[in-house]
Every structure is written in C-alpha cells, then in structure tokens.
Amino acid sequence: MPYAIELINITKRFARTVANDNVTFKVRAGSIHALVGENGAGKTTLMESLYGLYQPDAGGIRIHEREVQIKSPHDSITLGIGMVHQHFMLVPPLTVLENIVLGAEETRNGFLDLKKALKHVSEMAARFSLSVPLDEKIENLGVGIQQRVEILKAIYRKADILVLDEPTAVLTPQECVQLFRILAELREEGKTIVLITHKLNEVMAISDQVSVMRKGKIVGEVETAKTNPQQLAQMMVGRPVLLRVEKGEKKPGNPVLAVNDLSYIDRRGIGVLKSVSLEVASGEILGIAGIEGNGQSQLVECIAGLIRPTSGSITIDGIQIVGLSAREVFARGLAHVPEDRIKRGLVIDMNVRENLILGMHTQPEFSSRLSMKRNAITRNAQLLITKYDIRPMDPDALARGLSGGNQQKVIIARELSRSAQVIVASQPTRGVDIGGIEFIHRTLVEARDAGRAVLLVSADLNEILSLSDRIAVMYGGQIVRVFPDNKVEESELGLYMTGSKGIQDKKAFGS
Amino acid sequence: MATKKHWLEHPATQNFVIPILAVVLSFAVGAVFILIVGQNPFEVYSILFSQTLGTTYGIGQLLFKTTPLIFAGLSVALCFRAGLFNIGAEGQLQIGAFMTALVGMYTLGVPSFIEIPLLVAAGMVGGGLWGFIPGYLKAKTGAHEVINTIMLNFVAAALVSYFVTNIYNVPATVHTPPIAPTGRIPRFDAIFSGFEGSPVNFSLLIALLAALSVWYYVERTRYGYELRVVGLNSKAAEYGGISVSKNIILSMTIGGAIAGLVGTNFVMGYKYYFEEGFSTGTGFMGIAVALLGNNSPFGVVLAALLFGMLEYGGLVINTMVPKELVSILQAIVIIFVISSNKIFRRILVNFLKKRILSVND
C-alpha cells in the first residue's frame, strides 16, 4: 500500500529543547496508525507540523507521495488533512450543522445555503455511520457526540487523512467503543487515521501499526499484532514499567471523612448534588467513578470548602467542616489535589518553590508576620523536588515550563507533604504520562498504607479499578451504587455511569 | 543537560533588555519626526541629553519631574500585580495632595517631626480612600475597576476644583492657603548649591523609599505573596485559602495611598499649597511608567527617570522643535514598549537558538 503521509527527517527546535529530532514518520494509506509516547515526547508537535501549526526547522513532508509545503492549517486542509484536537474547536451556541459548515459554508448568490449543506452533511453522516443531531445546539450535546461532530467537520472539508489527538480522554467506555467502530468504518472507506494517545489498550484494540516516540525521537515502529502493552510501555519510558499497581490488603480503620445527605443547588437553580452520603475510613481508598459533570467536581469542592453545600453535613473526625473556609478546612486535616491543575492547583507563572507552599504560606514554618522565610521555603522545595522527583530539579523554574506530569507532581508533593488525614484527589493523573502515573499511583497507595483516608475521583476507569478499595459510582448528582471491593467489570461500571442501571434500583429501595 | 544558560536566557535579563531596545528604537523613530519638522535629530537629541543630564540644574529639574511619576507608577504597578488595572491614580493623587494641603493649613505650629509625617499620612489616607472605593465595589459587586476608577477621576477633579475655587482658596486664586512652614520638605538646593533654582526636594527619597517598600511588600511578605497569587490566578488563590476580595480591596487601597503621596513633591516640597491643575496627567503617565518598568518597583524608578527626562527635555528643546514632538516621542516609547515585547522576545529566542546551536556544534 502506498504512503498517505511521509514526514521525512523532521526537526523542530524550540529555544532550548528539540521537540522533534530528525523524525521520520510514515503512514500507509487506509490504515490506522497509533503514535504513542509520554507527554512531551513530541507527538503533538510532530502532528502540528503536519497540520501547519508549526513550521519544522528541517525536513520535508510528502502527502500521497507528492512533495508538499504546509505553511498553515489552510494548506493542510486543502491537502485533505483534518485534525481533531484534544479540546474541541466548536462554537457552543451554534447548531451541529452550523458548526460543521463554519468556515466552509455553501452559498447561493453570496448567501448562506444551509439547505444544500444539510443535504450534503446528512448524506455524509449516513455514509460513515456518524449519527449526530444536526439541528441541535452543541452546548446541549455530550462530549462523545461533540467529538463525532469534529470528525464530521473534518470529513466535510474533504479530509482523507484524520489526526486525532487523545480522542478518548473524555469518553466513557461505551463511547470509546463507538468511536473505535467509527474509526474502523472510516478505515473501510479508505481514510487514513493517525491516533495520538498514551493509552496502550486503545492502541492494541484499534491500530494496525504503532510508532513510539521518546524525547523527540521515534524509538520504534511495530505492527500492532506483533507487540504487547508491556513492550510498548517499556519503549515509551525507556525502562521496564509496572502497568499494574502493586497494592497490599487494605487495613481500614475508623471512618475519618463522612459526607451525609449532602445537596448542592447551583446558581442556576439546578440540583447538582442530591443527598450524597459516603464515608472514607483511614487506610482505604474510595474511588468515585463517573462521567464528568455528574456532580463529582461539586462534591469535591464542597468538601474542600470552595463552595458551600445547600444542605447536609461533612465531617472530618466527627468535626463539622461545612461553612469553614478553604484555609480552615486545610487546617482540619484535608489535602486536596484539584481536578484542574492549571486553573486551580497551580499558579503557573510562579516558580516551583512558591507553588510548593500555596495554602501553607501563612504557617509559621514558612512566614512570619513581616517576611517570608525564604531559606525554609527553598529547603522545603529542594526536599520535595528530590522526594517526588520533580524535573527540572530547580526550585526557581516557573511552573509553566514543567511538563503536565511534573506539574501534577508539584501538587501531589505539596498536598501529601502537609500531614493531612484525608486526601481528596481529583483526576490525579489526567494528562500525566506513564512514568508519572506509576509514581502518583504508588504515592497514593503509600498514603493509604500510612493510614490516611483517600477519596479518589477519576474519569479513568482503569485508575479507579486498580487503585480503589471500594468503588462508588456517581450519576446525575447521586451515588447510584457502591461496590464493596474493586472486583467489578468495566462494562458493569459503565452501565451505572451512564444511568442505564442504578437509578431504578434506588427507587426500588423506596428512597 | 546541565549546560550553562546563556545570560540572555534569564527572564530577568530579558525583562531588562527588551524595554531598553524598545526605547532605543523609539528614539530612532522619533528622529524621523524631527527630520519631518526640518531639524537635525542629532542636534536635537544632543541638546535634549546635555541640557537634562549634562548640568546639575538639568538633573534637578529631571528628578523633580521624576518624583511624582515614581509614585504614580508604583501605584499602578502594585495594583497590576494583583491583577487590577488602576486607571485612577490621577484621581487618587488629586485627593491625596489636596488632603495634604488641607491638613497642612490647619496645623500651624506643629513641630516638623510630627507635621511632616502627619501630612504624608494625610496624603496616603486621601489617596487610599480614593483607591478603596473602586476596590470595595469590585470585591463586593464585581463592578469593573477600570470604569469605576475612570469615573472617580472625574469626581476627584471636580471635587478638588470646587473646594479650591469656592471654599479653601486664597481669594482670586485657585490655590489653598499655604501649609504650616514646619510641614515643608527641604529642597536639594538647601544643601547642594548646584541644584540652585530647581525645586527638586527630598520627597524623592520618600519615592525611593516607597519603591523599596513596595518591592519588599510584594516580593518578601506573605501579604505580597497572596497579592501575587490573586493577580496571577484567582482560582488558585481561593484554593489556597486566600481571600480574593480582601486582596482586591487591600491592593487598591495601598495603590491609592501611594498615588496620594504625589502631594509630598508638589505641596510639601515645591509650592507649599495645593493648586488646581497641578498635575498634568501624572496619574495616567503612571500607567506608562508601570508598563515600561514591567510592574517592578526598580523598573518603575528607571522608567520614571526616562519619562521625567522626556518631560523636562520637552521644555529644553522647545525652541528648536514644537513641544508636541516630545509628546509624540513619549507616545512612541509607550507604543514600542507595549507592542515590541513579543517581537523582541522572538528575535531574542531566534538569536539564542543560533548561538546555542553554534556553541553545541
């Protein structure tokens, strides 16, 4: 089969780092090619060079065996390349159809001709079995559908090469299955697909060929059928990696964190939490599974004192914490790894040293009334940087310049270093690479073994299943099911997460 | 990995080098305007520099112009660090200076060591109040500080105008009666005869002290830490248990108080009374000063010196070129600084890329 994409000897440098170092990457037409690697390995840079968002410093690009120059996304679209970004580029108040034609509108006498567009798009959707409600507004649709809109948008622009950047990051297991079916369908139709990911089970499930990047270089290319996740992980990280979390028997103690009948009605008057009750004992990890937007964020923010619940109680060691400020909740023994590290957890334009004391900056250890204790703050940073292996090992480095995994380590280091009895970790490994995930998981298990109570909220079912001692599933602002252990099938969890199971059961209990 | 960094790679050096490049370039563009009005730019610039920097009197005049710019620049810069755009320094300094004069005229016979701190404090209270109002409104109602500070500038101007034309004025003038003689801040020429005739006075030391204090407050105290966190990421501040609204009110109040110190230069050090129209847009110039100085107190002092020089230099070259030319030059400096940051940074990065590669090869 001929090549659809040939990136030849691509080099792309930023000021000091070489993002792509003499990379040659070829994709056969009509195949699904996975591009895997840790964060910062250069996958996205490589694909953005292909899409015209970056200009490589050296190297050439051939599309369908023809030498091309790609100076902007406009050029790449003309060449039939479509990219589905990690964060969707859709306009929420516009309809699906309007979003699809945006920028490539069909016109009649200079006026928008939505009728003609409707006909084209629905034909196309049918042909690729991409069912989307064309008249619905984007803001009313789930992420899975939005992603399909993105794919359709690319195809509408006559893309026959599709690049998907971490497409499953936001999807439920069921949605992933659907996405893979769509991708397989597209392959049948002769489209070429590049899948950027770091989830190895996906690679195994869908791709024909895998290329592995590490530190800006392609370190290997294999046929998917001839490899396994363990081998791929080792190629990605450069050393053998534990894909499973090693975890001893739990030795739960007394309940430390107790949430009772907690409800929260948001500003728009929508009940986001509906009498949620749960308990986390010392020495156990309670995992909360659920599709994002089902109240997990608000539950965590209520516990952390960032928003005030409408009713209900939250206690740590029997002491009521509802109504306390975030600082007071911290002082009562809560550590919080927030779900959005850039928006909440870090001040990215401050250095690592200063980020490592956020929330502890008023403690006598770090500051007196008149001045900050700079030596103590630096010592603290050096200690945590070494202990948590934060790279670069420079307390003065700006948080902005750290990779996602290292940014997350800064937060984990800070939160676990305060001797808190309760740890609430929300999406602790989102956007973190395999090496970092292994480390963060180990750290959380260690905290649990040290007798702390850990509440883990994650959209990643693998993570929930491998870390949790007990699993609660949230749907529609309620806890719809609590499993007493982690011996449950992913698909079973999926059914509760999507509301297909659970609510009725609960009604049957007469609540 | 552990290669030594090129000196230009440090952000601090870049923050220093880039404004200087911008200033140099803006002088070059200014030269074009000088050519257009039919003068020789070299001649004009050489007079500009020699008359401002070349004589003690010139330096005195320059420093006299610099002092209020430091206060105004610090005020804007401090608020900037808290993520607030203080357009209200002009109003704050009007109210502050007026308060200084008002307290000064009613406290005759108080000894200097009480009177001077008292008048300084009066200026800070007046300016602080004028900063507190928009700060409070922002924190409690979310009303945008840009609108409110602009509006309060009008209120301040009208208010002091009313007072100095109707109530507290010396008849047939638009200024107040003089402050107590014990409240006067000595001029430089009282000690160094070289400054003879120039009104530059020791309020400049207050300005430098203010710069040092702002630096210490912002960079070295927990309050400054909180202020910076609020300015950079208010969500992270909430998360870290830092009250965003408290910090908004606090920084606007402190910013206002610093602007209120402008009166030390004019009222306490120069005329010894408050006069309507004494400030010709110093508060607005403060925005440019803060911007050019990259919101750092040290940078603010340097930027204020440059603008002080341009302000006095405008008078010096008045005979050769229209005074408007200096306004144009000032505006060009500002435009270059604002717009050049990204361009110069890119040039710098490209330069470094080549340098580092050639070293590595």
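A residue is taken as exposed if 12 or fewer other C-beta atoms lie within 10 Å of its own, as buried if 20 or more do, and as partly exposed in between. With 5 C-beta neighbours inside 10 Å, B:A172 therefore counts as exposed. In this predicted model, B:A172 has a positive phi of about 65° although it is not a glycine. The residue is placed in the loop that runs between helix 6 (145-167) and helix 7 (203-220) of chain B.

A positive phi also occurs at A:S275, again in a residue other than glycine, with a value near 30°. A:S275 belongs to strand 14 (residues 271-281) of chain A. Because A:S275 has 16 C-beta neighbours inside 10 Å, it is classed as partly exposed. A further backbone feature of chain A is the cis peptide bond from A:R391 to A:P392, whose omega is near -5°. A:P392 is located in the loop between helix 13 (374-387) and helix 14 of chain A.

Chain A contains an open sheet of four strands in the order 2-1-4-5, paired in antiparallel fashion. Strand 2 (18-28) and strand 5 (66-68) of chain A each have a single partner strand and stand at the edges, so one side of each is left without a neighbour in the sheet. On average, and with direction ignored, neighbouring strands of this sheet are turned by 25° against each other. Within the sheet, strand 1 (residues 3-13) and strand 4 (residues 58-63) of chain A run antiparallel and are joined by five bridges. A:I5 is positioned opposite A:I63 of strand 4 of chain A. Helix 1 (residues 43-51) of chain A lies across strand 1, strand 2 and strand 4 of chain A, and runs at about 115° to strand 1 of chain A.

Strand 11 (residues 209-214) of chain A pairs with two strands in opposite senses, parallel with strand 3 and antiparallel with strand 12. The pairing with strand 3 (residues 32-37) of chain A extends over five bridges, and A:A34 has A:V210 as its bridge partner in strand 11 of chain A. The pairing with strand 12 (residues 217-223) of chain A comprises six bridges, with A:V212 opposite A:G220 of strand 12 of chain A. Two residues lie between the strands in the hairpin of strand 11 and strand 12 of chain A, where A:K215 takes a positive phi near 50°.

Helix 15 (residues 434-449) of chain A consists of 16 residues and reaches 22 Å from its first C-alpha to its last, close to the 22 Å expected at 1.5 Å a residue. Its buried residues are A:I434, A:G436, A:I437, A:I440, A:H441, A:L444, A:A447 and A:R448. These residues cover an arc of only 155° around the axis and therefore lie on the same side of helix 15 of chain A. The elements covering them include helix 8 (229-237), strand 15 (284-289), helix 14 (404-417), strand 19 (422-426), strand 20 (453-458) and helix 16 (461-467) of chain A. Just after helix 15 of chain A, A:G451 adopts a positive phi of about 90°.

The contact between the chains takes 25 residues from chain A and 18 residues from chain B. Helix 10 (326-331) and helix 11 (341-345) of chain A each contribute at least two residues to the side of chain A that touches chain B. By class, this side of chain A has 11 nonpolar, seven polar and seven charged residues.

Key
Residues numbered from 1 in each chain as written. Chains lettered and ligands numbered in written order. Predicted model: local features only at pLDDT ≥ 70, side-chain atom pairs only at ≥ 80, totals over all residues. Contact = placed C-beta atoms within 7 Å. Nonpolar A, V, L, I, M, F, W, Y, C, P; charged D, E, K, R; others polar. Expected span 1.5 Å × (residues − 1). Arc of directions from axis to C-beta. Pairing = 2+ DSSP bridges. Axes fitted to C-alpha atoms, helices over the stretch in contact; angles between N-to-C directions.
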